[in-house]
Amino acid sequence: MSAYSVRPTPGDSSWFTRDRFGMFIHFGIYSMPARHEWVKSNEKITEEKYDKYFKYFDPDLYDPKDWARQAKAAGMKYAVLTTKHHDGFCLFDSKYTDYKATNTPCGRDLVREYVEAFRAEGLHVGLYYSLIDWHHPDFTLDVYHPRRDDENAFELNKGRDMKKYTEYLHNQVTELMTNYGKIDILWLDFSYPWMNGKGDKAWMRGKDKDDWEAEKLLAHVRELQPGILIDDRAGVEADMTTPEQVAITDWPRHKVTGERLLWETCQTFSGSWGYARDEMSWKSPEMLIRMLINTVSYGGNLLMNVGPTARGCLDSRTEAALKAFAEWMKYNSRSIYGCTMADPGFTAPPDCRFTQSQDGKRLYLHMFAYPFHTILLPGMAGKVDYAQFLNDGSEVRFSDGVMQYITDLEDEKLEGDPLVLYLPTVKPDHIVPVIELFLK
Ligand code: GLC
(Lines give C-alpha, C1' and ligand atoms only; values in the text may rest on other atoms or scores of the structure.)
Protein backbone atom coordinates (compact mmCIF):
# COMPACT_ATOMS: atom_id res chain seq x y z
CA MET A 1 0.00 0.00 0.00
CA SER A 2 1.10 3.54 -0.73
CA ALA A 3 2.26 5.46 2.33
CA TYR A 4 0.13 8.47 1.42
CA SER A 5 -3.49 9.15 2.16
CA VAL A 6 -5.43 11.74 0.26
CA ARG A 7 -8.26 13.93 1.51
CA PRO A 8 -11.41 11.93 0.69
CA THR A 9 -13.38 13.14 -2.34
CA PRO A 10 -17.13 13.02 -2.92
CA GLY A 11 -16.53 11.53 -6.39
CA ASP A 12 -14.97 8.22 -7.41
CA SER A 13 -11.24 8.76 -7.81
CA SER A 14 -10.20 5.10 -7.96
CA TRP A 15 -9.95 4.97 -11.76
CA PHE A 16 -8.49 8.46 -11.89
CA THR A 17 -5.45 7.79 -9.69
CA ARG A 18 -4.80 4.58 -11.61
CA ASP A 19 -5.06 6.11 -15.09
CA ARG A 20 -2.95 9.23 -14.45
CA PHE A 21 -2.88 10.61 -17.98
CA GLY A 22 -5.63 12.32 -19.96
CA MET A 23 -6.25 14.51 -23.00
CA PHE A 24 -7.65 18.04 -22.71
CA ILE A 25 -9.31 19.27 -25.91
CA HIS A 26 -9.93 22.96 -26.56
CA PHE A 27 -12.08 23.35 -29.62
CA GLY A 28 -14.53 26.05 -30.66
CA ILE A 29 -15.02 28.91 -33.08
CA TYR A 30 -11.89 30.50 -31.57
CA SER A 31 -9.97 27.80 -33.45
CA MET A 32 -10.65 29.86 -36.61
CA PRO A 33 -8.80 33.09 -35.72
CA ALA A 34 -6.18 30.63 -34.39
CA ARG A 35 -4.79 33.27 -32.02
CA HIS A 36 -5.61 31.79 -28.58
CA GLU A 37 -9.01 30.88 -27.16
CA TRP A 38 -9.08 34.24 -25.35
CA VAL A 39 -8.86 36.14 -28.65
CA LYS A 40 -12.25 37.80 -28.19
CA SER A 41 -11.15 39.28 -24.87
CA ASN A 42 -7.50 39.89 -25.77
CA GLU A 43 -8.40 41.86 -28.91
CA LYS A 44 -11.70 43.22 -27.53
CA ILE A 45 -13.48 41.92 -30.59
CA THR A 46 -17.07 43.14 -31.12
CA GLU A 47 -20.01 40.73 -31.38
CA GLU A 48 -20.47 41.71 -34.99
CA LYS A 49 -16.90 40.81 -35.92
CA TYR A 50 -16.82 37.67 -33.83
CA ASP A 51 -20.02 36.54 -35.56
CA LYS A 52 -17.97 35.93 -38.69
CA TYR A 53 -16.55 32.85 -37.04
CA PHE A 54 -20.02 31.62 -36.18
CA LYS A 55 -21.13 32.23 -39.74
CA TYR A 56 -18.32 30.21 -41.29
CA PHE A 57 -17.63 27.51 -38.68
CA ASP A 58 -17.37 24.29 -40.65
CA PRO A 59 -14.96 21.70 -39.20
CA ASP A 60 -15.36 19.27 -42.08
CA LEU A 61 -12.54 17.05 -40.83
CA TYR A 62 -14.00 16.74 -37.32
CA ASP A 63 -13.45 13.11 -36.43
CA PRO A 64 -13.30 12.48 -32.69
CA LYS A 65 -12.77 8.78 -33.40
CA ASP A 66 -9.39 9.75 -34.77
CA TRP A 67 -8.64 11.93 -31.72
CA ALA A 68 -9.63 9.04 -29.46
CA ARG A 69 -7.36 6.62 -31.30
CA GLN A 70 -4.44 9.00 -31.04
CA ALA A 71 -5.14 9.68 -27.37
CA LYS A 72 -5.23 5.99 -26.65
CA ALA A 73 -2.01 5.35 -28.57
CA ALA A 74 -0.34 8.11 -26.55
CA GLY A 75 -1.30 6.23 -23.39
CA MET A 76 -4.05 8.63 -22.37
CA LYS A 77 -6.94 7.04 -20.53
CA TYR A 78 -9.48 9.85 -20.38
CA ALA A 79 -10.36 13.12 -22.04
CA VAL A 80 -12.02 16.44 -21.29
CA LEU A 81 -13.60 18.50 -24.10
CA THR A 82 -14.60 22.18 -23.98
CA THR A 83 -18.36 22.07 -24.54
CA LYS A 84 -18.51 25.84 -24.16
CA HIS A 85 -15.57 28.17 -23.65
CA HIS A 86 -15.45 31.77 -22.39
CA ASP A 87 -16.73 33.09 -25.73
CA GLY A 88 -20.02 31.35 -24.95
CA PHE A 89 -20.17 29.27 -28.13
CA CYS A 90 -21.63 25.80 -27.49
CA LEU A 91 -20.47 22.66 -29.26
CA PHE A 92 -23.66 20.91 -28.12
CA ASP A 93 -27.27 21.20 -29.15
CA SER A 94 -28.53 23.15 -26.15
CA LYS A 95 -32.18 24.14 -26.10
CA TYR A 96 -31.33 27.29 -24.11
CA THR A 97 -29.37 29.07 -26.83
CA ASP A 98 -29.06 29.58 -30.57
CA TYR A 99 -25.35 30.13 -30.20
CA LYS A 100 -24.35 26.56 -30.93
CA ALA A 101 -22.66 24.32 -33.48
CA THR A 102 -25.95 23.00 -34.85
CA ASN A 103 -26.77 26.52 -36.10
CA THR A 104 -23.50 26.96 -37.99
CA PRO A 105 -22.57 25.37 -41.33
CA CYS A 106 -21.20 22.52 -39.19
CA GLY A 107 -24.74 21.54 -38.22
CA ARG A 108 -23.74 18.74 -35.84
CA ASP A 109 -23.80 18.14 -32.08
CA LEU A 110 -20.04 17.83 -31.63
CA VAL A 111 -20.29 16.83 -27.99
CA ARG A 112 -22.41 13.80 -28.79
CA GLU A 113 -19.94 12.56 -31.39
CA TYR A 114 -17.09 13.11 -28.96
CA VAL A 115 -18.59 11.19 -26.04
CA GLU A 116 -19.51 8.29 -28.28
CA ALA A 117 -16.09 8.12 -29.93
CA PHE A 118 -14.09 8.25 -26.70
CA ARG A 119 -16.31 5.76 -24.91
CA ALA A 120 -15.97 3.38 -27.84
CA GLU A 121 -12.19 3.42 -27.34
CA GLY A 122 -12.69 2.60 -23.66
CA LEU A 123 -11.65 6.02 -22.40
CA HIS A 124 -13.28 7.87 -19.54
CA VAL A 125 -15.19 10.93 -20.68
CA GLY A 126 -15.05 14.43 -19.23
CA LEU A 127 -16.75 17.70 -20.15
CA TYR A 128 -15.40 21.21 -19.64
CA TYR A 129 -17.93 24.01 -19.23
CA SER A 130 -16.93 27.67 -18.97
CA LEU A 131 -18.57 29.57 -16.13
CA ILE A 132 -17.53 32.74 -17.90
CA ASP A 133 -19.60 33.76 -20.92
CA TRP A 134 -18.75 36.74 -23.14
CA HIS A 135 -21.77 36.24 -25.38
CA HIS A 136 -24.66 35.97 -22.95
CA PRO A 137 -26.52 39.31 -22.64
CA ASP A 138 -26.94 38.94 -18.86
CA PHE A 139 -23.30 38.19 -18.07
CA THR A 140 -22.05 41.37 -16.42
CA LEU A 141 -19.02 43.26 -17.65
CA ASP A 142 -15.81 42.69 -15.71
CA VAL A 143 -12.09 43.17 -16.26
CA TYR A 144 -11.92 40.20 -18.66
CA HIS A 145 -15.00 41.08 -20.70
CA PRO A 146 -14.34 42.07 -24.34
CA ARG A 147 -16.47 45.22 -23.86
CA ARG A 148 -14.63 46.37 -20.71
CA ASP A 149 -12.96 49.36 -22.39
CA ASP A 150 -15.90 50.52 -24.48
CA GLU A 151 -16.81 54.12 -23.82
CA ASN A 152 -20.34 53.15 -22.89
CA ALA A 153 -19.26 50.12 -20.82
CA PHE A 154 -21.20 51.31 -17.77
CA GLU A 155 -24.36 51.74 -19.84
CA LEU A 156 -23.82 48.41 -21.55
CA ASN A 157 -23.68 46.74 -18.18
CA LYS A 158 -26.93 48.26 -16.97
CA GLY A 159 -29.82 45.85 -16.82
CA ARG A 160 -27.61 42.79 -17.03
CA ASP A 161 -28.84 40.27 -14.54
CA MET A 162 -26.38 37.64 -13.32
CA LYS A 163 -29.28 35.72 -11.76
CA LYS A 164 -30.65 35.11 -15.22
CA TYR A 165 -27.25 34.09 -16.51
CA THR A 166 -26.78 31.70 -13.61
CA GLU A 167 -30.08 30.07 -14.38
CA TYR A 168 -28.88 29.59 -17.96
CA LEU A 169 -25.62 28.08 -16.73
CA HIS A 170 -27.44 25.66 -14.42
CA ASN A 171 -29.79 24.66 -17.23
CA GLN A 172 -26.94 23.98 -19.61
CA VAL A 173 -24.92 21.97 -17.12
CA THR A 174 -28.06 19.97 -16.42
CA GLU A 175 -28.39 19.25 -20.14
CA LEU A 176 -24.78 18.08 -20.28
CA MET A 177 -25.27 15.89 -17.24
CA THR A 178 -28.51 14.42 -18.56
CA ASN A 179 -28.30 13.99 -22.31
CA TYR A 180 -24.92 12.34 -22.86
CA GLY A 181 -24.88 9.23 -20.69
CA LYS A 182 -22.36 8.64 -17.96
CA ILE A 183 -19.92 11.51 -17.56
CA ASP A 184 -16.80 10.88 -15.48
CA ILE A 185 -15.48 14.44 -15.06
CA LEU A 186 -17.03 17.90 -15.03
CA TRP A 187 -14.47 20.66 -15.46
CA LEU A 188 -15.88 24.09 -14.54
CA ASP A 189 -13.77 27.16 -15.35
CA PHE A 190 -13.29 29.59 -13.47
CA SER A 191 -13.72 32.03 -10.54
CA TYR A 192 -11.76 35.27 -9.99
CA PRO A 193 -13.14 37.12 -6.96
CA TRP A 194 -9.93 39.14 -6.61
CA MET A 195 -10.15 40.65 -10.13
CA ASN A 196 -12.14 43.78 -9.36
CA GLY A 197 -11.95 46.88 -11.53
CA LYS A 198 -9.96 49.89 -10.42
CA GLY A 199 -10.49 53.68 -10.69
CA ASP A 200 -13.43 54.49 -12.98
CA LYS A 201 -13.90 50.73 -13.45
CA ALA A 202 -14.36 50.09 -9.73
CA TRP A 203 -17.94 48.98 -10.42
CA MET A 204 -16.61 45.93 -12.29
CA ARG A 205 -16.69 42.97 -9.95
CA GLY A 206 -14.73 39.73 -10.13
CA LYS A 207 -16.85 36.58 -9.99
CA ASP A 208 -17.03 33.78 -7.50
CA LYS A 209 -19.05 30.87 -6.17
CA ASP A 210 -22.07 33.02 -5.31
CA ASP A 211 -22.31 34.26 -8.89
CA TRP A 212 -22.51 30.65 -10.08
CA GLU A 213 -24.51 29.40 -7.08
CA ALA A 214 -21.78 26.82 -7.02
CA GLU A 215 -22.87 24.77 -4.03
CA LYS A 216 -26.32 24.22 -5.45
CA LEU A 217 -24.86 23.49 -8.89
CA LEU A 218 -22.43 20.87 -7.63
CA ALA A 219 -25.02 19.15 -5.46
CA HIS A 220 -27.32 18.90 -8.45
CA VAL A 221 -24.55 17.55 -10.69
CA ARG A 222 -23.72 14.86 -8.14
CA GLU A 223 -27.37 13.81 -8.03
CA LEU A 224 -27.46 13.46 -11.79
CA GLN A 225 -24.04 11.83 -12.10
CA PRO A 226 -23.13 9.94 -8.92
CA GLY A 227 -19.40 9.36 -8.67
CA ILE A 228 -18.48 12.19 -11.04
CA LEU A 229 -15.24 14.08 -10.36
CA ILE A 230 -15.44 17.89 -10.38
CA ASP A 231 -12.56 20.38 -10.42
CA ASP A 232 -12.22 23.15 -7.85
CA ARG A 233 -12.64 26.20 -10.05
CA ALA A 234 -16.25 27.06 -9.28
CA GLY A 235 -14.86 28.58 -6.09
CA VAL A 236 -15.84 25.74 -3.76
CA GLU A 237 -13.84 22.72 -2.79
CA ALA A 238 -14.75 19.79 -4.99
CA ASP A 239 -12.75 16.71 -5.98
CA MET A 240 -9.49 17.69 -7.56
CA THR A 241 -7.32 20.74 -7.47
CA THR A 242 -5.91 21.84 -10.82
CA PRO A 243 -2.57 23.69 -11.02
CA GLU A 244 -2.19 25.02 -14.55
CA GLN A 245 0.91 25.59 -16.71
CA VAL A 246 3.31 25.60 -13.76
CA ALA A 247 6.20 23.38 -12.74
CA ILE A 248 5.13 21.00 -10.01
CA THR A 249 7.59 20.61 -7.15
CA ASP A 250 5.47 18.97 -4.47
CA TRP A 251 2.14 17.31 -3.74
CA PRO A 252 -0.52 20.04 -3.34
CA ARG A 253 -2.10 20.16 0.10
CA HIS A 254 -5.29 21.45 1.68
CA LYS A 255 -4.71 25.00 2.92
CA VAL A 256 -6.32 24.43 6.30
CA THR A 257 -5.91 20.76 7.22
CA GLY A 258 -2.63 20.15 5.37
CA GLU A 259 -4.00 16.91 3.89
CA ARG A 260 -2.74 15.85 0.49
CA LEU A 261 -5.29 16.60 -2.22
CA LEU A 262 -6.40 14.72 -5.31
CA TRP A 263 -4.79 16.75 -8.08
CA GLU A 264 -4.39 17.08 -11.80
CA THR A 265 -2.15 19.53 -13.60
CA CYS A 266 -3.19 20.72 -17.05
CA GLN A 267 -0.52 21.67 -19.54
CA THR A 268 -0.24 22.79 -23.14
CA PHE A 269 2.06 21.76 -25.96
CA SER A 270 2.76 25.35 -26.98
CA GLY A 271 1.28 27.83 -24.49
CA SER A 272 -2.18 28.42 -25.96
CA TRP A 273 -5.08 26.02 -25.30
CA GLY A 274 -7.02 26.74 -28.45
CA TYR A 275 -5.30 26.21 -31.80
CA ALA A 276 -2.63 28.91 -32.25
CA ARG A 277 -1.15 28.75 -35.70
CA ASP A 278 1.78 31.10 -35.16
CA GLU A 279 2.87 29.99 -31.74
CA MET A 280 6.46 28.74 -31.80
CA SER A 281 7.03 27.77 -28.18
CA TRP A 282 6.33 24.05 -28.61
CA LYS A 283 7.71 21.86 -25.87
CA SER A 284 10.27 19.26 -26.84
CA PRO A 285 9.42 15.55 -26.59
CA GLU A 286 11.89 15.32 -23.74
CA MET A 287 10.20 18.09 -21.79
CA LEU A 288 6.81 16.45 -22.32
CA ILE A 289 7.85 13.00 -21.11
CA ARG A 290 9.58 14.50 -18.10
CA MET A 291 6.46 16.46 -17.31
CA LEU A 292 4.35 13.32 -17.16
CA ILE A 293 6.88 11.49 -14.99
CA ASN A 294 7.38 14.47 -12.71
CA THR A 295 3.62 14.79 -12.20
CA VAL A 296 3.17 11.16 -11.17
CA SER A 297 6.28 11.36 -8.98
CA TYR A 298 4.30 13.82 -6.83
CA GLY A 299 1.14 11.73 -6.86
CA GLY A 300 -0.78 13.63 -9.54
CA ASN A 301 -2.41 13.35 -12.96
CA LEU A 302 -1.46 15.09 -16.18
CA LEU A 303 -4.15 16.48 -18.47
CA MET A 304 -2.29 17.30 -21.68
CA ASN A 305 -4.02 19.69 -24.04
CA VAL A 306 -4.56 19.56 -27.78
CA GLY A 307 -6.08 22.41 -29.80
CA PRO A 308 -7.56 20.98 -33.00
CA THR A 309 -7.56 23.24 -36.06
CA ALA A 310 -10.65 24.94 -37.47
CA ARG A 311 -11.00 22.00 -39.85
CA GLY A 312 -11.48 19.83 -36.76
CA CYS A 313 -8.34 17.73 -36.91
CA LEU A 314 -5.01 17.71 -35.11
CA ASP A 315 -2.15 19.51 -36.85
CA SER A 316 1.19 17.84 -37.57
CA ARG A 317 2.93 19.40 -34.57
CA THR A 318 0.28 18.03 -32.23
CA GLU A 319 0.41 14.61 -33.83
CA ALA A 320 4.19 14.55 -33.46
CA ALA A 321 3.94 15.48 -29.79
CA LEU A 322 1.37 12.75 -29.20
CA LYS A 323 3.64 10.28 -30.96
CA ALA A 324 6.46 11.11 -28.56
CA PHE A 325 4.15 10.05 -25.73
CA ALA A 326 3.03 6.99 -27.67
CA GLU A 327 6.57 5.77 -28.25
CA TRP A 328 7.58 6.23 -24.65
CA MET A 329 4.36 4.93 -23.11
CA LYS A 330 4.26 1.80 -25.23
CA TYR A 331 7.23 0.43 -23.28
CA ASN A 332 7.29 2.45 -20.09
CA SER A 333 3.68 3.00 -19.00
CA ARG A 334 4.05 0.56 -16.10
CA SER A 335 5.86 3.32 -14.20
CA ILE A 336 2.87 5.64 -14.73
CA TYR A 337 -0.39 3.66 -14.43
CA GLY A 338 -1.25 2.72 -10.87
CA CYS A 339 1.80 4.58 -9.62
CA THR A 340 2.27 7.43 -7.20
CA MET A 341 4.87 9.29 -5.17
CA ALA A 342 7.54 6.97 -3.74
CA ASP A 343 7.43 6.23 -0.02
CA PRO A 344 9.20 8.68 2.26
CA GLY A 345 12.79 7.54 2.64
CA PHE A 346 13.15 6.67 -1.03
CA THR A 347 14.97 9.73 -2.27
CA ALA A 348 15.77 9.83 -5.96
CA PRO A 349 19.36 10.68 -6.92
CA PRO A 350 20.07 13.96 -8.79
CA ASP A 351 18.41 14.24 -12.23
CA CYS A 352 16.14 11.29 -11.46
CA ARG A 353 12.53 10.79 -10.39
CA PHE A 354 10.98 7.87 -8.55
CA THR A 355 7.46 6.60 -8.87
CA GLN A 356 6.15 3.61 -6.95
CA SER A 357 3.33 1.20 -7.65
CA GLN A 358 0.37 1.85 -5.37
CA ASP A 359 0.73 -1.65 -3.86
CA GLY A 360 4.21 -0.59 -2.80
CA LYS A 361 5.98 -3.52 -4.43
CA ARG A 362 7.82 -1.87 -7.29
CA LEU A 363 9.87 1.26 -7.47
CA TYR A 364 10.63 2.98 -10.78
CA LEU A 365 13.79 4.96 -11.32
CA HIS A 366 13.53 7.49 -14.18
CA MET A 367 16.82 8.87 -15.40
CA PHE A 368 16.45 12.40 -16.83
CA ALA A 369 20.22 12.46 -17.32
CA TYR A 370 21.94 9.19 -18.14
CA PRO A 371 25.14 8.65 -16.15
CA PHE A 372 28.26 6.68 -17.01
CA HIS A 373 28.72 3.22 -15.51
CA THR A 374 26.83 3.33 -12.20
CA ILE A 375 24.03 5.00 -10.36
CA LEU A 376 23.82 4.95 -6.57
CA LEU A 377 20.59 4.85 -4.59
CA PRO A 378 21.50 5.95 -1.06
CA GLY A 379 20.09 3.89 1.81
CA MET A 380 18.70 1.22 -0.48
CA ALA A 381 21.24 -1.55 -0.02
CA GLY A 382 19.49 -4.83 0.77
CA LYS A 383 16.04 -3.56 -0.23
CA VAL A 384 15.87 -4.70 -3.83
CA ASP A 385 15.29 -8.24 -5.02
CA TYR A 386 15.60 -7.78 -8.78
CA ALA A 387 16.16 -4.94 -11.24
CA GLN A 388 15.51 -4.53 -14.95
CA PHE A 389 15.13 -1.89 -17.63
CA LEU A 390 11.45 -1.37 -18.22
CA ASN A 391 11.74 -0.82 -21.96
CA ASP A 392 13.15 -4.26 -22.77
CA GLY A 393 13.02 -6.25 -19.54
CA SER A 394 16.78 -6.70 -19.56
CA GLU A 395 18.45 -7.34 -16.21
CA VAL A 396 20.29 -4.51 -14.50
CA ARG A 397 22.98 -5.93 -12.22
CA PHE A 398 23.45 -4.38 -8.80
CA SER A 399 25.36 -4.74 -5.57
CA ASP A 400 24.42 -3.80 -2.01
CA GLY A 401 26.50 -1.18 -0.26
CA VAL A 402 29.69 -1.94 -2.18
CA MET A 403 31.23 -1.02 -5.52
CA GLN A 404 32.34 -4.01 -7.53
CA TYR A 405 35.20 -3.76 -10.00
CA ILE A 406 35.73 -5.78 -13.15
CA THR A 407 39.43 -5.99 -12.35
CA ASP A 408 40.51 -8.23 -9.46
CA LEU A 409 40.29 -5.33 -7.05
CA GLU A 410 38.34 -6.14 -3.92
CA ASP A 411 34.82 -4.74 -3.47
CA GLU A 412 34.88 -1.29 -1.97
CA LYS A 413 32.53 -0.51 0.89
CA LEU A 414 30.59 2.70 0.23
CA GLU A 415 29.19 5.33 2.59
CA GLY A 416 25.44 5.57 3.13
CA ASP A 417 24.40 1.99 2.25
CA PRO A 418 23.65 2.63 -1.39
CA LEU A 419 22.28 0.21 -3.87
CA VAL A 420 24.72 0.31 -6.77
CA LEU A 421 23.21 -0.22 -10.21
CA TYR A 422 25.57 -1.04 -13.09
CA LEU A 423 24.53 0.59 -16.34
CA PRO A 424 25.39 -0.18 -19.94
CA THR A 425 27.47 2.55 -21.58
CA VAL A 426 24.91 3.12 -24.26
CA LYS A 427 21.68 4.70 -23.05
CA PRO A 428 18.62 2.66 -24.02
CA ASP A 429 16.92 4.26 -27.00
CA HIS A 430 14.16 5.88 -24.97
CA ILE A 431 13.87 9.56 -24.09
CA VAL A 432 13.83 8.75 -20.40
CA PRO A 433 15.05 5.25 -19.52
CA VAL A 434 13.36 3.58 -16.55
CA ILE A 435 14.70 0.92 -14.22
CA GLU A 436 12.11 -1.23 -12.52
CA LEU A 437 13.11 -2.28 -9.01
CA PHE A 438 11.29 -5.19 -7.39
CA LEU A 439 11.38 -4.47 -3.67
CA LYS A 440 11.93 -7.22 -1.10
C1 GLC B 1 -7.66 29.06 -17.96
C2 GLC B 1 -8.08 29.80 -19.22
C3 GLC B 1 -8.70 28.94 -20.21
C4 GLC B 1 -8.31 27.50 -20.27
C5 GLC B 1 -8.08 26.93 -18.91
C6 GLC B 1 -7.53 25.53 -18.93
O7 GLC B 1 -8.60 29.12 -16.98
O8 GLC B 1 -8.93 30.85 -18.94
O9 GLC B 1 -8.66 29.53 -21.45
O10 GLC B 1 -9.39 26.83 -20.81
O11 GLC B 1 -7.27 27.74 -18.17
O12 GLC B 1 -7.16 25.11 -17.67
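Which residues in helix 4 meet which residues in helix 5? The views below take that up, then move on to the ligand and two backbone spots, in what is a predicted model.

**View 1. Helix 4 packs with helix 5.** On the helix 4 side, look for P64, K65, W67, A68 and A71; their partners in helix 5 are E113, Y114, A117 and F118. By class, this contact takes in seven nonpolar residues, two charged ones and no polar ones. Helix 4 runs over residues 64-73 and helix 5 over residues 110-120, and the two pack at an angle of about 35 degrees. Their axes sit 8 Å apart, and the crossing is right-handed.

**View 2. The ligand and the residues around it.** There are 14 residues around the ligand, and H26, E37, W38, H85 and E244 come nearest. Sorted by class, the shell has seven nonpolar, three polar and four charged residues.

**View 3. Side chains that reach ligand oxygen atoms.** Start with H85: an N or O atom of the H85 side chain is 2.8 Å from an oxygen atom of the ligand. For R233, a polar side-chain atom lies 3.2 Å from a ligand oxygen. Y128 also has a side-chain N or O atom at 3.3 Å from an oxygen of the ligand. On its own the ligand would expose 310 Å², and the protein buries 94% of that.

**View 4. A cis peptide bond between D189 and F190.** Omega here is about -15 degrees. Most peptide bonds are trans, so a cis one goes against the usual pattern. F190 belongs to the loop between strand 4 (185-189) and helix 8 (209-212).

**View 5. A34 has a positive phi.** The value is about 55 degrees, although A34 is not a glycine. Most residues other than glycine have a negative phi. To find A34, go to the loop between strand 1 (21-25) and helix 2 (39-42).

Terms used: Residues numbered from 1 in each chain as written. Predicted model: local features only at pLDDT ≥ 70, side-chain atom pairs only at ≥ 80, totals over all residues. Heavy atoms only, no water. Axes fitted to C-alpha atoms, helices over the stretch in contact; angles between N-to-C directions. Helix = DSSP H or I, 4+ residues; strand = E, 2+ residues; numbered from the N terminus. Left-handed = near helix turned anticlockwise from the far one by under 90°. Contact = heavy atoms within 4.5 Å. Nonpolar A, V, L, I, M, F, W, Y, C, P; charged D, E, K, R; others polar. Near = heavy atom within 4 Å. Polar contact = N/O pair within 3.5 Å; in protein donor to acceptor, adjacent residues only side chain to side chain. Areas by Shrake-Rupley, 256 points an atom, 1.4 Å probe, with all protein chains shown as cover.
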